[in-house]
Amino acid sequence: DYLAGEIFQKSDARTQQFLLHTAYLPEMTTAMAHALSGDEGTAELLADLTRNNYFVSVRETLPEPVYQYHPMLRDFLQARAAESMPKERRRELQRASAREMEQAGRIEDAVALYRECHEWGEMARLIEAHAAALVGQGRGETIARWVEELPADVQTRRPWTIYWSAASQARVTPREGRILYEKAFELFRAG
């Protein structure tokens, strides 16, 4: 209620629209926010929100600053988007936000956004593209969790996801890893 009364309701329609369009980005540059909002005054809007202490923080990084909404503001904005936008429009914003995160190299954020909007094919594509690097970094549990979150029919259609789940578990739980390797092999052979 505080956020609604103090920030959102007191903002003009343009700022409200901007906030709703950028609500799914965990962090954003001016370019990301512009891509989602389409507002030509994105830099000024973000600067004003930060300057006025509207629960927006900025990190002065190169080549451009990175802005972040406070988690409570972000939750509020997403809830407001759920009330005021049709489901397909929200999913479209989530997909666009995921693409922005992916282009910025923020793979975990992109996967989370694709999961939220049930873009299983895109989620599987990211797993397949980045699993080798993540397993090499010792982040196999992340891969295993992502694959478990995929629906079974997507896993069956995308056997590389099962393969990478097996690779991520092979050292920790060799038996489960072997079972997954066998499942992936059978799916590759059937395909």
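1. Let's start at a small landmark: glycine 105, just after helix α6, takes a positive phi of about 80°. Before going further, please keep in mind that this is a predicted model.

2. Now step back into α6 itself, which covers residues 87-103. How far apart should the ends of this helix be? At 1.5 Å a residue, its 17 residues should span 24 Å, and the end C-alpha atoms are indeed 24 Å apart, so expectation and model agree. If you try the sum yourself, remember that the expected span is 1.5 Å times one less than the number of residues.

3. Which residues of α6 are buried? They are Arg90, Leu93, Gln94, Arg95, Ala96, Ser97, Ala98, Glu100 and Met101. The buried residues of α6 pack against four helices: α2 (13-21), α3 (30-37), α5 (71-84) and α7 (107-116). Have a look at these partners in the structure above.

4. Next, the aromatic rings. The structure holds five aromatic pairs. In one of them, the rings of tryptophan 160 and tyrosine 163 have centres 5.2 Å apart and planes at 80°, so the pair counts as edge-to-face; the cut-off for that label is an angle over 60 degrees. These two residues sit three apart in helix α11, which means about one helical turn separates them.

5. Are these aromatic residues buried or exposed? Tryptophan 160, at 43% relative accessibility, counts as partly exposed. Tyrosine 163 is also partly exposed, at 27%. Tyrosine 163 has a further ring partner in tryptophan 164: their centres are 5.0 Å apart and their planes stand at 80°, so this pair is edge-to-face too. Tryptophan 164 has a relative accessible area of 16%, so it is buried, given that buried means under 20%.

6. The ring pairs can be followed further along the chain. They link Trp160, Tyr163, Trp164, Tyr181 and Phe188 into a cluster. Try picking out these five side chains in the structure to see the cluster for yourself.

7. Finally, the largest pocket. About 170 Å³ of space lies in it. The elements that give two or more residues to its lining are α9 (140-149) and α11 (159-169); α11 is also the helix that holds tryptophan 160 and tyrosine 163. The lining consists of Val135, Gly138, Arg139, Gly140, Glu141, Ala167, Ser168, Ala170, Arg171 and Val172. What is the make-up of this lining by class? Four residues are nonpolar, three are polar and three are charged.

Notes:
Residues numbered from 1 in each chain as written. Predicted model: local features only at pLDDT ≥ 70, side-chain atom pairs only at ≥ 80, totals over all residues. Heavy atoms only, no water. 1 Å grid on protein atoms, 1.4 Å probe; cavity = no way out; pocket = protein on both sides within 12 Å on 5 of 7 lines; lining within 4 Å. Points joined across faces, edges and corners; volume = space filled by probe spheres on them. Nonpolar A, V, L, I, M, F, W, Y, C, P; charged D, E, K, R; others polar. Phe/Tyr/Trp six-rings, centres within 6.5 Å; stacked < 30°, edge-to-face > 60°. Buried < 20%, exposed > 50% of the residue type's maximum accessible area, 1.4 Å probe, protein only. Contact = heavy atoms within 4.5 Å.
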